[in-house]
Amino acid sequence: MAAGDSSGVEVRLNLPNKGRALFASRDHAEGESLFEETPIVSAQFLWNKLYKYAACDHCLRSLETAQGMCRRLTNNPSLELPHPECCPVDDSAYVSCPHCQKVYCSATCRDRAWSQYHMTLCRRASVSDDDHPLAKLEEAWRNIHYPPETCSIMLIARMIATVKQAKDPSSALAAFSQFCHTTVNEEEEIAHKLLGETFQSHLELLRSLVTGALYEEQLQQWFTPEGFKSLFALIGTNGQGIGTSSLSVWVKGCDLLTLGDEERESLDTLIDRVYDDLDKACGQFLNCEGSGLYSLQSACNHSCDANAEVTFPHNDFTLCVKALRAIKQGEEVCICYLSECDVERSRHSRQKILK
Ligand SMILES: [Zn+2]
Ligand SMILES: [Zn+2]
């Protein structure tokens, strides 16, 4: 499931005072990628999806062109972005699930989703859509968890479905039990933060909807009130935000163009204007957004003086941890949890955030 090159780092377990931690297994230069990995499970946020941020249902790749996204958000169908070649979006590869019409960026994503969890979660047309237990679960979640979104109940649904569909359910379960566990008090705090004052009744509502939609005998420990709360705390603590955007791909592409001074200046002015217009139209709500559970990244401890950062360089859920400065073999790798989403923004909006 989780894949990627992890040869530059190693996880050490059972360390005094910190449990798991990640260490460099060789020297890394500043700017170098320490490792890349895909999540064990991930899901787009539900309001983000409802607001038509089109993303691959599996890898969260942004499916719109930069121009299409700007037209939609600014409500200006005649808006034209120059240098369309800087935004390579190949919609000829898009496919959908033949049963429920969920859209994927490629047949590979559709097949992976189906074999890992979508066979269980697919809403075949037999039940009218609003009455489907999973549609009710999504609606309940949206009514409890308004934007800005930090989490999705569908992450729990995909965890359950992943274990259900696994050829070896016990090893699928083990993949989830590696994530850090919190004390009962911390669990209360996380549930409180995610679900608000009346979190006990919200949690109970979600648990009954999840149970109704997906109960599984061999996973009964996840469906008890205590087990469900722990599961909730697990995704609240370990869920890593994911943001993808064709616009930022296009801007990065534009940054790399070789242009004369005048042309560069007018392009930069245009990009700034696009960001201003988008800012007026939708504020910070620019990306396809979701969250996922990553095996190696979740072993990284937090530091405000981090030596590494999380990025999403491929416009999908592939996470990359990059050295912010030179890191010596044996040094602990730390990331700053607060800025994950900001680092992916282009230099234009980054400058704005810094201002
Ligand atoms: Zn995809
Ligand atoms: Zn389907």
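Start with strands β10 and β11. Select residues 308-311 for strand β10, then add β11: 4 bridges join the two strands, which run antiparallel. Keep in mind that this is a predicted model.

**Stop 1: around strand β11**

Zoom in on Thr311. Opposite Thr311, in β11, stands Cys320. Now select residues 319-323, the whole of strand β11. How many of its 5 residues are buried? The count is 4, so the strand is mostly covered, given that buried means under 20% relative accessible area.

Next, add strand β3, residues 33-37. Strand β3 also pairs with β11, in the antiparallel sense, over 4 bridges. Pick out Phe35 and look across to β11. The bridge partner of Phe35 there is Val321.

**Stop 2: the zinc ion, ligand 1**

Select ligand 1, a zinc ion. Show the side chains of Cys56, Cys59, Cys105 and Cys109. Their SG atoms coordinate the ion at 2.3 to 2.4 Å. What is the arrangement of the 4 donor atoms? They subtend angles of 105 to 115 degrees, which makes it tetrahedral. For reference, the ideal angle for four tetrahedral donors is 109.5 degrees.

Trace the donors along the chain. Their spacing is C-x2-C-x45-C-x3-C. Cys56 and Cys109 link distant parts of the chain, 53 residues apart. Cys56 sits in the loop between α1 (46-50) and α2 (66-74), while Cys109 sits in helix α3.

Are these two buried or exposed? Cys56 is buried, with a relative accessible area of 2%. Cys109 counts as buried too, at 9% relative accessibility.

**Stop 3: the zinc ion, ligand 2**

Move to ligand 2, also a zinc ion. Its protein donors are Cys97 (SG), Cys100 (SG), His118 (NE2) and Cys122 (SG). They lie 2.1 to 2.3 Å from the ion. Check the geometry: the angles among the 4 donor atoms are 101 to 113 degrees, and the site is tetrahedral. Read along the chain, the donors follow the spacing C-x2-C-x17-H-x3-C.

Now highlight Cys97 and Cys122. Cys97 lies in the loop between β5 (95-96) and β6 (103-104). Cys122 lies in the loop between α3 (107-121) and α4 (133-144), so the pair ties together parts that are 25 residues apart in sequence. Both cysteines, Cys97 and Cys122, are buried.

**Stop 4: helix α2**

Select helix α2, residues 66-74. Colour Ala66, Met69, Cys70 and Leu73, which are buried. They cover an arc of only 100 degrees around the axis, which puts them on the same side of α2. What do the buried residues of α2 pack against? Show α11 (246-256) and α12 (261-282): those are their partners. Then step off the end of the helix. Asn75 follows α2, and its phi is positive, near 60 degrees.

**Stop 5: helix α6**

Select residues 169-177, helix α6. Its buried residues are Ala172, Ala175 and Phe176. Look down the axis of α6: they fall within an arc of 95 degrees, so they line one face of the helix. Bring up the surroundings. Among the elements covering these buried residues are β4 (41-44), α5, α9 (220-223), α10 (225-238) and β8.

**Stop 6: the nonpolar core**

Nonpolar side chains tend to be buried together in soluble globular proteins. The largest nonpolar core here has 100 residues. Select Ile153, Phe232, Leu247 and Trp250, the residues with the most contacts inside it. Which helix gives the largest share of this core? Helix α5, residues 153-165, contributes 9 residues.

Centre on Phe232. Beyond residues up to four places away in sequence, Phe232 touches Trp141, Ile153, Ile156, Leu194, Leu195, Leu203 and Leu206.

**Stop 7: Ala191 and Cys300**

Go to helix α7, residues 184-195, and find Ala191. Ala191 is buried, with a relative accessible area of 2%. Apart from neighbours within four places in sequence, Ala191 is in contact with Gly196, Phe199 and Leu203. Draw a line from Ala191 to Leu203: C-alpha to C-alpha, they are 7.9 Å apart, and 12 residues apart in sequence.

End at Cys300, in the loop between β8 (288-293) and β9 (301-302). Cys300 is buried, with a relative accessible area of 1%. Its C-alpha atom is separated by 22 Å from that of Met159, which is 141 residues away along the chain.

Note on methods. Residues numbered from 1 in each chain as written. Chains lettered and ligands numbered in written order. Predicted model: local features only at pLDDT ≥ 70, side-chain atom pairs only at ≥ 80, totals over all residues. Heavy atoms only, no water. Donors = N, O, S within 2.8 Å, 3.2 Å for Na, K, Ca; no water. Tetrahedral: all angles 85-135°; square planar, octahedral: opposite > 155°, others 65-115°. Buried < 20%, exposed > 50% of the residue type's maximum accessible area, 1.4 Å probe, protein only. Core = buried A, V, L, I, M, F, W, Y, C linked by side-chain atoms within 4.5 Å. Contact = heavy atoms within 4.5 Å. Pairing = 2+ DSSP bridges. Arc of directions from axis to C-beta.
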